Amino acid sequence: MTTAYLAADGFADQLQEELQRAGAAVIRQHERLFVCDGPALTAAWAANIWHDCVELPVASIGSAARALRDIQRNWAMYAPLHHRRAALIEERLPHVSAKPIVFPAATPTAPLGSWTLLAPDRLFAAGRCSSPFANGEVVFVEDKTGPPNRAYLKLWEALVRFGHWPGAGERCLDLGASPGGWTYVLASLGADVIAVDKAPPDRRVAAMAGVEWRGVSAFALEPATVGPVDWLFSDIACYPARLLRLVDKWHASELVRNFICTLKFQGATDHESAAAFGAIPGARVLHLHHNKHELTLFLC
Ligand SMILES: C[S@@+](CC[C@H](N)C(=O)[O-])C[C@H]1O[C@@H](n2cnc3c(N)ncnc32)[C@H](O)[C@@H]1O
């Protein structure tokens, strides 16, 4: 069995380190794609995981397109090499919509395979992939007027990947909230938001209906003083090990239904802390398309 792991642009080193730590047998690297022997391992830094890959000799552009169509309808191309030939094959495949998403939206459910050309006459493909988005890239119709910064895109993506989002009247705690991109998203969904940051918020966001601002350290906040919340969000700029202690505290309080938190790395990636987040029962840790040197924790 062969599994391939595609890193997001600029994050191949992080994925390679993670695969090494997991003991994956990398048999070849095709730019950002790591091809490994064996079944899929957990790989937070993979933008997309290609399951049960097949390698097929293809004599012509037509036979390559036919081979893919014989497997299934929908395909995403990854073409770091042999671009022209790959583009000609893609032209002969059924059209797959790449329209930007309008938030909020459910994730696509149609199976989306991935393929590449290892050589002009060697096709490498997987009908089943971990991401429903081409190469794991989630593209939105942007809101260029409402939010005070671009951080809202990271939360939009997290909520779409999570598959649900706060409803009207749900209680949200937004830790590390300034200037307020995430709070803007949550308040726009009709949620009640307690936004916590030592830095001042954007005035327009602080004035939105349902927003309560607290200018204190998120680490000083005790769960009992806040009470039950439907969602805890954190985008605090801090070391992952410190965030882990904060998540452990709130998780142990049993006052939070859902967590979405950004793990931020400075310098070398702290794979040990990332693995500790992933080991929390029910947790998933992913690198999102809109993440920088960051991972996102999902826990419910
Ligand atoms: C990347 S920014 C958050 C951006 C925010 N999510 C948004 O959408 O606008 C990180 C924030 O963490 C905040 N922060 C750092 N240490 C904190 C602490 N101890 N308590 C609360 N916030 C903190 C910083 O002040 C900063 O505003």
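Okay, let's start with one residue: Tyr239 has a relative accessibility of 55%, and exposed means over 50%, so Tyr239 counts as exposed. You'll find Tyr239 in the loop between β13 (229-234) and α8 (240-253). Try finding Ser273 as well. Along the sequence, Tyr239 and Ser273 are 34 residues apart, while in space their C-alpha atoms are 9.3 Å apart. One thing to keep in mind all the way through: what you have on screen is a predicted model.

Right, on to a sheet. In what order do the strands of this open sheet come? There are 4 of them, and the order is β5-β8-β7-β6, with mixed pairing. At the edges sit β5 (54-57) and β6 (75-77), and each of those pairs on one side only. If you look from one strand to its neighbour, they are turned by 30° against each other on average, ignoring direction. As a bit of background, strands in a sheet pair through backbone hydrogen bonds, and they can do that parallel or antiparallel.

Let's zoom in on one of those pairings. β5 and β8 (residues 122-126) run antiparallel, and 4 bridges join them. If you want a spot to click on, Pro57 stands opposite Arg122 in β8.

Now, this sheet has helices packed on it. Helix α2 (residues 61-71) touches β5, β6, β7 (113-119) and β8, and its direction makes about 20° with that of β8. Then there's helix α3 (residues 83-91), which also packs on the sheet and touches β6 and β7. For α3, the angle with the direction of β7 is about 145°.

Stay with α2 for a second. Which residues of α2 are buried? They are Ile61, Gly62, Ser63, Ala64, Ala65, Ala67 and Leu68. And what covers them includes the strands β5, β6, β7 and β8, plus helix α3.

Remember Arg122? Its side chain meets the side chain of Glu55 in a salt bridge, 2.3 Å from N to O. In general, side chains of opposite charge can pair when their charged atoms come close. Glu55 is in strand β5 and Arg122 is in strand β8, so this pair links distant parts of the chain, 67 residues apart. Are these two buried or exposed, or something in between? Glu55 has 41% relative accessibility, so it counts as partly exposed. Arg122 is partly exposed too, because its relative accessible area is 29%.

By the rule used here, the count comes to 13 salt bridges. Let me show you a couple around Glu294. Glu294 forms a salt bridge with Lys154, and the closest N and O atoms are 3.2 Å apart. That one links distant parts of the chain: Glu294 is in strand β16 (residues 294-299), Lys154 is in helix α4 (residues 152-162), and they're 140 residues apart. What about burial here? Glu294 has a relative accessible area of 7%, so it is buried. Lys154 comes in at 8%, so it counts as buried as well.

Glu294 also forms a salt bridge with Lys264, with the closest N and O atoms 3.1 Å apart. Lys264 is in strand β14 (residues 256-264), 30 residues away from Glu294 in the chain. Both Glu294 and Lys264 are buried. Put it together and you get a network of salt bridges linking Lys154, Asp235, Lys264 and Glu294.

Here's another glutamate to set beside that. Glu18 is in helix α1 (residues 12-21). Glu18 is buried yet has no salt bridge. How far away is the nearest side chain of opposite charge? That's Arg21, at 7.7 Å, and a salt bridge needs the nitrogen within 4 Å of the carboxyl oxygen, so Arg21 doesn't qualify. What the side chain of Glu18 does reach is the backbone nitrogen of Trp45, at 2.9 Å. Leaving aside neighbours within four places in sequence, Glu18 is in contact with Thr42, Ala43, Ala44, Trp45 and His271.

Last stop, a hairpin. Strand β2 (residues 25-30) pairs with strand β3 (residues 33-37) in the antiparallel sense, over 5 bridges. One of the bridge partnerships is Gln29 with Phe34 in β3. How many residues lie between β2 and β3? There are 2, and Glu31 in that turn has a positive phi of about 55°.

How values were computed: Residues numbered from 1 in each chain as written. Predicted model: local features only at pLDDT ≥ 70, side-chain atom pairs only at ≥ 80, totals over all residues. Heavy atoms only, no water. Pairing = 2+ DSSP bridges. Axes fitted to C-alpha atoms, helices over the stretch in contact; angles between N-to-C directions. Contact = heavy atoms within 4.5 Å. Buried < 20%, exposed > 50% of the residue type's maximum accessible area, 1.4 Å probe, protein only. Lys, Arg positive; Asp, Glu negative; His and termini not counted. Polar contact = N/O pair within 3.5 Å; in protein donor to acceptor, adjacent residues only side chain to side chain.
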